[in-house]
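Q: Can you walk me through the charged pairs in this one? Keep it quick.

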Amino acid sequence: MRRIEIVSLILLLAIPAAGTGAQDEKRISTAEGLNLSVSSVAIRGGGGPPMVVATTPEGEKEIDLAEIVEINLSPLRPSKENNARLILTSGEILCGKLLEKTEQGIRMTGASLGEITVPLEHLSAIHLVANQKFLPKEIRPGDEDVVILTSGDRDAGVIEALNAAEIVLNSSRFKSQRTLKLTDIAAVILAQLSPPPKPPDALHQDVVTSDGSILRGTITSLDDKRLTIATLLGESRDLP
């Protein structure tokens, strides 16, 4: 199954910064080895197989979406505002700044995704960007939420609250409620509330945004203003 990677859709209409030159060049790579320079990209349906319509220096060119390996619109530019990565059960990664835990899930805001709320049943882990060097090599979800501290210590229980600065954990280890600062946490591994979604049998795409988020699913529309993807977890997300 081939995947399509779209990097930095948010910069599709942006003028490259001075001095960036060729590294900001938009390109399409195909399974047959074609490497095309493009100025714009769109997807056209019309009842048949989805086609990518690319504007090249030689004119407009249509390419079967199934033949495309990668669409690269811009290099990665991680946002300094993002302090966390949400790892979803589908393998998707959502980058942003943690806001709070609500009844609906974990609320965060990101440069590419805007403000979103991710249901807890879709979450596998929360990685704190500043402390990623303290992450263990292998992390497996269990029956409890697990907090991995930068000291190397761990605690388990149930995450009762979360905000931009700290986490409140009902600790099964200490039999008490603990308040832990995000600056002391490398990751939170969420209890496995539901099985991960099965990969689709049909073609699917990975969309990589400028700040490093990875959305996985089926692109339903793409033009010079917006991309819409139906994710493996049944959500629809728009990227400007």
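A: Here is a short run through the salt bridges, in a predicted model.

Q: How many salt bridges does the structure hold?
A: Six.

Q: What does Arg173 pair with?
A: Asp153. The closest N and O atoms are 2.9 Å apart. The two residues are 20 apart in the chain and link distant parts of it. Arg173 is in the loop between β15 (166–171) and β16 (176–181). Asp153 is in the loop between β13 (145–149) and β14 (154–162).

Q: Is Arg173 buried or exposed?
A: Neither. Arg173 counts as partly exposed because its relative accessibility is 46%, and over 50% would be needed for exposed. Asp153 counts as partly exposed too, at 30%.

Q: Next, Arg178. Which residue is its salt-bridge partner?
A: Asp155, with the closest N and O atoms 2.9 Å apart. This pair also links distant parts of the chain: Arg178 is in strand β16 and Asp155 in strand β14, 23 residues apart.

Q: And how accessible is Arg178?
A: Arg178 has 22% relative accessibility, so it counts as partly exposed. The cut-off for buried is under 20%. Asp155 has a relative accessible area of 2%, so it is buried.

Q: What about Arg237, where does its side chain go?
A: It meets the side chain of Glu235 in a salt bridge, 2.8 Å from N to O. Arg237 counts as buried, at 12% relative accessibility.

Q: Which residues do shared partners join into one network?
A: Glu100, Arg107 and Glu115. Salt bridges that share partners connect them.

Definitions and conventions. Residues are numbered from 1 along each chain as its sequence is written. This is a predicted model: local features need pLDDT of at least 70, side-chain atom pairs count only at pLDDT 80 or more; totals for chains, interfaces and linings use all residues. Side-chain values use heavy atoms; hydrogens and water are left out. A salt bridge is a side-chain nitrogen of Lys or Arg within 4 Å of a carboxyl oxygen of Asp or Glu. Helices (H or I, at least four residues) and strands (E, at least two) are DSSP runs, numbered from the N terminus. Buried means under 20% relative accessible area, exposed over 50%, partly exposed in between (1.4 Å probe, protein chains only).
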